[in-house]
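Biologist: Please look closely at one part for me, the inside of this model. I would like to hear how the side chains pack there and what space is left between them.

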Amino acid sequence: MRSVHFIILFALLGIGSSSAQPFAGADDLGRVLPQNKEVGNPRKKTVAMFYFLWHETAPRKYWDLHEIVNAHPEVLNDFDNPYWGSGGMYYWGQPIYGYYSANDYWVHLRSIQLLTDAGVDLLVIDATNRLTYPKQADVLMKAMNAVRAQGKTPPKIVFYTNTSSGETMQEAYNNFYKPGAPYRYPECWYLMDGKPLIIGISAEAKGKDYENTFTYRESQWPNEPQKTNSWPWIEFVRPQKTYKNAKGETEIINVSVAQHPNPTAGMGGSAFYGNKDNWGRSYHNGSPGNPATDVIYGYNFQEQWDYAIKQNTPFVYVTGWNEWIAGKFPSRDNNPEHSWFCDQASPEYSRDIEPSLTAGLKDNYYMQLVGNIRRYKGVAANPSAGLPKTINGFGDWTSVQPVYKDYTGDTQERNHPGTPIEPAIVYTNATGRNDFEQMKIARDKVNIYFFVKTVADITSNSGSNWMRLYLDTDRSAKTGWKGYDFRVAGGSNLQQYRDGAWKDIQTLKYVVKGNQMMVTLPRIYLKNVAKPLNFEFKWSDNMQNDNDPLDWYLNGDTAPGGRFNFIYSATN
């Protein structure tokens, strides 16, 4: 079937020499990602991200700390209140992927995709409390390798040890680095000076069989005297300190979402008992701010990024990703009915960048991370489109540039237990369907042509959420729905967002043949499209919640992921 005005072709794409990946996008607050013109070309800078694998502590009947305190505030003055349940560990809030286990490959794969797209270079696994989490790390590295196999550059791993550092480094060596180790993935190692990097107390490695295996950096606690050759995972002073390596070169600075310089109070003391010595997400300019309204903006995070970028260090260490677990301990304020929470306690007094369904955090911190990494490292320029070309059939796409690529393999089903065991939660997701692989666009004076390839044959048309195309024709996040002015829904409806709703403006026909389709969109139907063309676009399949962009992190497939958009820019 073919329409004079609109033909959709998804054709088998030839892989070209130009690959367009510097995504556009804006978060829920309207903050727009900077592009090459604002931040410059890529620079030799390295971003480390603190990454946590201890989501196996099995919270019991009550496990969401934010929900417990909101529903039963009396627990804060009753250490043994039954609404605490029997567990000593809680989630401070709800991750977008649920209260997941660190063995859940489905979650790790999405985290690696997000962190790869953000420009994170290495994941520093928290092994500071003696445990190295080999089974969980194995799942993580398999996700890394799945992304690497697609030609991407995912982060690599480093272990951060401190308690019983020598023993912990020995365990890491035995499990991950020793020849014949059960979880040995050399392609996942972050190398420094030709050896895998490890962080710990290097003196405890003396005389051990792994001594010469690693390049060492010292573990640096925020309340210790500043060490040489150390890496800080957090800072308790403002502005943050920079740290030098053994050569005397300034090497690294830390950026964290929140801090607890008063360890006696811990995060819980500031969250629940009125202590103002610690610094939450809203802290900036020496003031705690107003967490009730400010928690979503990341003022604390931004203040540290602004300072860190000015220091121009080769490394920035960010704290952190997927740090959901909050441990409940006896009070340190001499009130036995109070509870003490160290590193996490509430949305305000927590340090996680991963998208959350709690307190309106959404993916704001993730998008903020992406923008600041670009300011620190730069970003490639978006390649210009090739010469105008009229598309009449599948074979006409072979020479069209650039090629837009998406992750594959992420439509597989999820079926994995979460960490709560009373009641037991098993997370399932079978919404993955059409797995986007490659996309192209062509143009002539009359039409814009869209073209995509999926991994397998495209499914039959199942309704309005099938193989959607979103268009931001004016490149403004302030217009349309979340910036999108037009979309193609259900394969046949060209819609425009007007008066708070999607309105059909044309009835379209389409052709599906295997994993191919071809689309021709007359320019006359698009309002506010620039001349020459300069617009953003996104493909989505099987979205479950039409009104929530966070759905793009969870369901079906999108290209590109989350709130990102591809940019199509022509010079004529």
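**Inside the model**

Modeller: Tyr470 and Trp481 are both buried, that is, under 20% relative accessible area (exposed is over 50%, partly exposed lies in between; 1.4 Å probe, protein chains only). Before I go on: this is a predicted model, in which local features need pLDDT of at least 70 and side-chain atom pairs count only at pLDDT 80 or more, while totals for chains, interfaces and linings use all residues. Residues are numbered from 1 along each chain as its sequence is written, and side-chain values use heavy atoms, with hydrogens and water left out.

Let's take the rings next. The structure holds 54 aromatic pairs (Phe, Tyr or Trp rings, the six-membered one for Trp, with centres within 6.5 Å; planes under 30 degrees apart are stacked, over 60 edge-to-face, the rest tilted). One of them joins Phe50 and Phe52, a tilted pair with 4.8 Å from centre to centre and 45° between the planes. Phe50 and Phe52 are buried. Back to Tyr470 and Trp481: their ring centres are 6.1 Å apart and their planes meet at 35°, so this pair is tilted. Tyr470 belongs to strand 20 (residues 468-472), whereas Trp481 sits in the loop between strand 20 and strand 21 (486-489), so the pair ties together parts eleven residues apart in sequence. Helices (H or I, at least four residues) and strands (E, at least two) are DSSP runs, numbered from the N terminus.

One aromatic cluster is made up of Phe23, Trp321, Tyr366, Tyr404, Phe450, Phe535, Phe537, Phe564, Phe566 and Tyr568. Several of these names come back in the largest nonpolar core, which has 127 residues; Trp231, Ile353, Tyr366, Leu369, Phe450, Phe535 and Phe537 have the most contacts inside it. Such a core is a set of buried Ala, Val, Leu, Ile, Met, Phe, Trp, Tyr and Cys residues joined through side-chain atoms within 4.5 Å. Phe537 shows the packing well: leaving aside neighbours within four places in sequence, its contacts are Tyr404, Met439, Ile441, Leu469, Tyr470, Leu471, Pro560, Asn565, Phe566 and Tyr568 (contact means heavy atoms within 4.5 Å). A second, separate core has 14 residues, among them Leu65, Ala258, Met267 and Ala345.

One of the partners of Phe537 is Pro560. Pro560 lies in the loop between strand 26 and strand 27 (566-569), and the peptide bond leading to it from Ala559 is cis, with omega near -5°. A second cis bond runs from Arg238 to Pro239, with omega near -10°, and Pro239 sits in the loop between strand 9 (230-232) and strand 10 (242-244). Most peptide bonds are trans, and most residues other than glycine have a negative phi. Tyr133 has a positive phi of about 55° although it is not a glycine, and at 13% relative accessibility Tyr133 is buried. Asn542 also has a positive phi, about 65°, and is buried, with a relative accessible area of 12%.

Rings meet charges too. The charged end of Lys152 sits over the ring of Tyr407, 5.0 Å from its centre, and Arg281 lies over the face of Tyr365, at 4.5 Å from the ring centre (NZ of Lys or CZ of Arg within 6 Å of the ring centre and within 35 degrees of the ring normal).

As for the space left over, the whole structure has three cavities of 30 Å³ or more. On a 1 Å grid over the protein atoms alone, a cavity is a set of points where a 1.4 Å probe fits but cannot get out, a pocket is an open set with protein on both sides within 12 Å along at least five of seven lines, and lining residues have an atom within 4 Å of a point. The largest cavity holds about 220 Å³. Its lining has 18 residues, with Gln113, Asp410, Trp552, Thr558 and Gly561 nearest the centre. Helix 3 gives the most to this lining, with four residues, and strand 26 (557-559) supplies at least two.

The largest pocket contains about 660 Å³ of space. Of the 25 residues that line it, Thr116, Asp117, Ala118, Gly119 and Val379 lie nearest its centre. Helix 3 (105-118) and helix 9 (364-377) are the elements that give two or more residues to this lining, and helix 9 gives the most, with four.

Methods: Points joined across faces, edges and corners; volume = space filled by probe spheres on them.
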